[in-house]
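The following exercises concern strand pairing and aromatic contacts. Each task is followed by a worked solution.

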Amino acid sequence: MGTKLPAPAPSFTPVAHPVRVVGSEFMAPYPVELVMTEKSLTLREGTFTVTDTQENLIFKVKGSIFSLHDRRTLLDATEKPILSLAQKIMTMHKRWHVYKGESSDAKDLLFTAKKSSIIQFNTDLEVFLGGNTKQEIPDFKVKGSWFQRSCKITLGDESAVIAQMHEKDSAASLFLGKEAFRVTVFPNVDYAFVVALIVILREINADRTGTD
């Protein structure tokens, strides 16, 4: 079960149809404000905590620089695995596959995300649901600047924004070895899905090896 989040005052027009990718337990009929905090002074890469604005823990994201392949796990507040994020190595577009739970089986593939082009000033992603096998038209897009911590997640035709990332703060956070930013998830949108996309965006921008 997803963690129940407090309902802020409604301020966004809901998308025409609910966006459910991971599960309906990670959806709310109101905007959800999340704070993602990354530990930057650590041997473990991809280590995030995700809280609501009252600092209640919603998710953790864990991974290790010592793993054979880049792999991240999204867990709920009780440490139950929700998603596995795995980078497909040796691909020019830096493609990531996301599976249910701890699986890496093709039948459990929920979606893939990749850079929309090889050479980019900003990192724009195209996202394809598991059933979109031809991958000619993306189901979602991520556009913006990771450096400025500002990006939008839209439907594939860009007709509607479903989530937005924006910088929270502050020099003090960085001094403590942490970086925090906010993510606003619009009503009736799967916020576990959104968090996974933000993690992938971060990992692609980290670009540690230059060979994948």
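**Exercise 1.** Which residue in E4 does Lys-60 stand opposite?

*Solution.* This is a predicted model, in which local features need pLDDT of at least 70, side-chain atom pairs count only at pLDDT 80 or more, and totals for chains, interfaces and linings use all residues. Residues are numbered from 1 along each chain as its sequence is written, and side-chain values use heavy atoms, with hydrogens and water left out.

Step 1. Locate the strands, which are DSSP runs of E with at least two residues, numbered from the N terminus: E3 covers residues 57-63 and E4 residues 71-76.

Step 2. Establish the pairing, which requires at least two DSSP bridges; E3 and E4 pair in the antiparallel sense over 5 bridges.

Step 3. Read off the partner: Lys-60 stands opposite Leu-75.

**Exercise 2.** Describe the hairpin of E4 and E5.

*Solution.* Step 1. Strand E5 (residues 81-87) pairs with E4 in the antiparallel sense over 5 bridges.

Step 2. Arg-72 stands opposite Leu-85 in E5.

Step 3. Between the strands lie 4 residues, and Glu-79 takes a positive phi near 75°.

**Exercise 3.** Which residues do ring pairs link into a cluster with Phe-59?

*Solution.* Step 1. Rings of Phe, Tyr and Trp (its six-membered ring) pair if their centres lie within 6.5 Å; planes under 30 degrees apart count as stacked, over 60 as edge-to-face and the rest as tilted. The count comes to 6 aromatic pairs.

Step 2. One of them is the tilted pair of Phe-26 and Phe-59, at 5.6 Å centre to centre and 50° between the planes.

Step 3. The rings of Phe-59 and Tyr-191 have centres 6.0 Å apart and planes at 50°, so this pair is tilted.

Step 4. Ring pairs thus link Phe-26, Phe-59 and Tyr-191 into a cluster.
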